[in-house]
Amino acid sequence: MFSVAQFSLFDHAGYRAFDGDSRHLLWGQAVPASPALRSLPMRTEGALSSAPSLTWRGSLFRKYVLTLVSLVALVLTINAAVETWFLYRETVERVARVQAAFAASATAAVEDTLAEIERQVGWVTRASAQSLAQHREDYAALLDQTPIVLTLAFFDDEGRERVRTSRPDSADPMASADLGPVPQHKGFQNLQIVGGEIYTNLLLPHPGAGTGATLARVRLTALTGSLPSAAAGVGSYADLVTPDGISVARSDKSPHATGDRLTLPTPGSVAYVSDGAGQPVLATQYALAVLPASLIVAQPLSEALAPVRDLLIRLVWLLAFGLVVAICASLLLARRMLVPIRALHAGAEHFAANRFEHRIAVRTGDEFEALATRFNTMADALSTSYARLESEIQRQTRDLARSVSELRALEETGRAIVASLQIDDVVRAIAARAATLAGSDASAVYLVEAPGETFRRAGDHGLPPSAVSDILPANALDKAGDAAAEVILVRDLTTISGLLTGVAEGFQSATLINLADSDGRLGFLLLLARDAAPLGSSEHVLHTFAHQAALAIRNARLFQEVDEKGRQLAAADLHKTQFFANMSHELRTPLNAVLGYSELLADGLYGPLSEKASEALERIQINGRHLLSLINDVLDFTKIEAGLLTLDIQDYALGALIESVTVAASSLAQAKGLALQTDVPQTLPIGQGDERRLTQVFMNLVGNAIKFTQSGFVEVSAQAVDDTFVIKVSDTGPGIAPVDQARIFDEFQQVDSSSTRQQGGTGLGLSITRQLVLLHGGRIEVRSELGQGAVFQVTLPIRTAVERKKAS
């Protein structure tokens, strides 16, 4: 079957149904078999056969049948329920009316019986009887005449018994309790059952005030026969019961016996109760005015609700008949609807299998025929759409394949032209790759040395030597077309025959590609072809290639310039180092002579000196030694830069080394009033390194601390941590800003490098110190804050490795 849900099935399987507009029709991705579309997912007959088939549970036929049958059953059931309810109410009301009439007849019969008994007993209350003897005579005469009377008693107006007369064979004496004031009304009282017999007391006041009353004990045997029978064919019956439900009299159809206890229904209303046999009945209770008892009228439930039962039987047959008719009608209707639906389903299967030539033939004149027409229209549109789609996909596939090929060629070209940074290699690679990419027969690269200068041929590929000129004027591109365009196509070489001689070599067309970047034009690329066919690659690809080529040429030129500058800088650095070394040696020789002669003069070898001469000589020695120290720093710096500084590795005692440094620097500290302190344990292990260079390191650190500290102290501490020495030089000087802590270890750098600095020096001390520490395999660090002094920490291996002896 085919329905709206069937479209959803197609959607879940990967197909999209039409959107309701015949101008925009789609049917998933299923297309006619073609080389371009064979890779697309298609829904074939095999796919259709694997689709789940509809079962009876989910079929439209079942839905139609169940819906119509359920609707008919619902309507008939509601009608039956309403009709049954109204009939039930009418039946109950009818039963209540019948029982009320029956109760009225039974009540009249009981009242007549009791009235006769009261009349028979009432003559003993005549006014002529005044004495007790007269009352006794009257009572005896009544007992002889009326067998149902058992006992008679006279009570005065104070309730005292004055006369009692009983039947000799009576076994039921009258109670002799005082009655109190004698009531002024007559009536039956105290209904009892004794030995299966019904007894009651009848009180009859005597006429006149203060005359007393007669109380008679009466057997109500006549009541049993007084209750009337129900009408012929009716199972109703009546029971006379005491207030506590004991049956004292019954009609002939009653299933109860005298003395049975009955269930009392609510007075005045019909109620469901059970009789003595346990059968359900409809019963009504009616109270009697002349006797302390009630009359219960009952009718078997099966008889009372017989009309309702008959109605239900008729309704069941009617429901069964209606269901049969509904099933037959729904089957007929569903089958008539399924014929066009199955035709639509078969047509959809054909369309899903790409058989769009199939047409659905439905002639019902209703919505099914309109839907079939819409399906046929959709098939026509799909056939046209798929033809267009196949052509478009083939075209896009070709374009995509060409784009992928061009991108792959661009990638290979890019790798090739950046494989080298030599300008000649780059130019040759550009010429070769351009010819391959554009499908040309030959190519040449022209570069301009500077803006406005002539173009020079820097490289070519597949080009005879006489085909093009080696040098072209700066306005060479103006004759070929728009010189500002990135790609210029020249289909007739005669227009630029003055620039190119390729016509004689058999070339018929040319392409000029500008090579430029953000800094200006670098040159152009010339592509020559022996035919007038268009380029083998798109203009966009050539643009991309031109940008890559320009970038490669610019990088090669920059690399060439950087390489040349590097060689120049290396030569200049070598000359500087040689100059420093030569000048230092040249300065040390006369300076050592000056210091030697000054010491001889100070020792008095040339005679005594005056006090002023001694002072001048001392200043000469101090400044000379300072100058010698600067020259030694320069020499050490040049040796380190040249990689010629070596370490003399020997054992040393760190404590003795630090002590010698502090002794040498103590005079400087005393001159500034500073305390020079040491904190060095005596148990430090023996180290291995260049003792003279380490002394130079700590002398530089201690000297700098003394030089920059104006007050306070300078402290040198050392300790052994694992396999290293940790030496700290602390001072209370001005401190070092965080921005200066990194650059103070560079060459010719000082915290205060201005022309007005207070402390002298070349700025090489800390740089040489760091290099010497690194040569020993250690490191140097500084921790300082402005105004808080500084701490220089040197970490050295206790045993310096032999391979670190020589500076690299």
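This is a short walk through the chain shown above, from its overall makeup to a few helices, salt bridges and single residues.

Okay, first the housekeeping. What we have is a predicted model, so local features need pLDDT of at least 70 and side-chain atom pairs count only at pLDDT 80 or more, while totals for chains, interfaces and linings use all residues. Residues are numbered from 1 along each chain as its sequence is written, and side-chain values use heavy atoms, with hydrogens and water left out.

Let's start with the whole chain. There are 14 helices and 23 strands; those are DSSP runs numbered from the N terminus, H or I with at least four residues for helices, E with at least two for strands. Of the 808 residues, 40% are buried. Buried here is under 20% relative accessible area, exposed is over 50%, and partly exposed is in between, with a 1.4 Å probe and protein chains only. The accessible surface comes to about 43200 Å², and 56% of that belongs to carbon and sulfur atoms. Those areas come from the Shrake-Rupley method with a 1.4 Å probe, and for residues only the protein chains shown count as cover. Then contacts, meaning heavy atoms within 4.5 Å: take the ones between residues at least 6 apart in sequence, and 58% of them join residues at least 24 apart.

Now some helix packing. Helix 13 is residues 691-708, helix 14 is residues 765-775, and their axes come within 9 Å and cross at roughly 145°. For the axes, lines are fitted to C-alpha atoms, for helices over the stretch in contact, and angles run from 0 to 180 degrees between N-to-C directions. This crossing is left-handed; that is, the near helix is turned anticlockwise from the far one by less than a right angle, and clockwise would make it right-handed. Who makes the contact? On helix 13 we have Arg693, Gln696, Val697, Asn700, Leu701 and Asn704, and facing them on helix 14 are Gly765, Leu766, Ile768, Thr769, Leu772 and Val773.

While we're on helix 14, how many of its 11 residues are buried? Eight, so we can call helix 14 mostly covered. Among the buried ones are Ser767 and Leu775, and Leu772 and Val773 are on that list too. After helix 14 comes Gly777, with a positive phi near 80°.

Helix 13 has another partner, helix 12, residues 654-671. Those two pack at about 35° with axes 9 Å apart, and here the crossing is right-handed. From helix 12, the residues involved include Leu657, Val661 and Leu668; from helix 13, they include Leu694, Phe698 and Val702.

On to the salt bridges. The structure holds eight, counting a side-chain nitrogen of Lys or Arg within 4 Å of a carboxyl oxygen of Asp or Glu. Here's one inside helix 3: Glu116 and Arg119, with the closest N and O atoms 2.2 Å apart. They sit three residues apart in the helix, so about one helical turn separates them. Glu116 counts as partly exposed because its relative accessibility is 33%, whereas Arg119 is exposed at 54%.

Next, Arg799 with Asp651, where the closest N and O atoms are 3.7 Å apart. This pair links distant parts of the chain: Arg799 is in the segment after strand 23 (790-797), Asp651 is in strand 17 (residues 650-652), and they are 148 residues apart. Arg799 is partly exposed at 48%, and Asp651 is partly exposed at 48% as well.

Another one is Arg779 with Glu781, 3.7 Å from N to O. Arg779 is partly exposed at 46%, and so is Glu781 at 34%. There's also a network, where salt bridges that share partners join Asp563, Glu564 and Arg567.

Back to helix 3, residues 60-122, for Ile78. Is Ile78 buried or partly exposed? Partly exposed, because its relative accessible area is 48%. Along with Leu74, Val82, Trp85 and Phe86, Ile78 makes a nonpolar surface patch of about 520 Å². Patches take residues with over 30% relative accessible area and no salt bridge, joining like charges within 9 Å and nonpolar side chains (Val, Leu, Ile, Met, Phe, Trp, Tyr) within 5 Å.

Last stop, Ser717, in strand 20, residues 713-721. Ser717 counts as buried because its relative accessible area is 17%. Leaving out residues up to four places away in sequence, Ser717 touches Asp679, Val726, Ile727 and Lys728.
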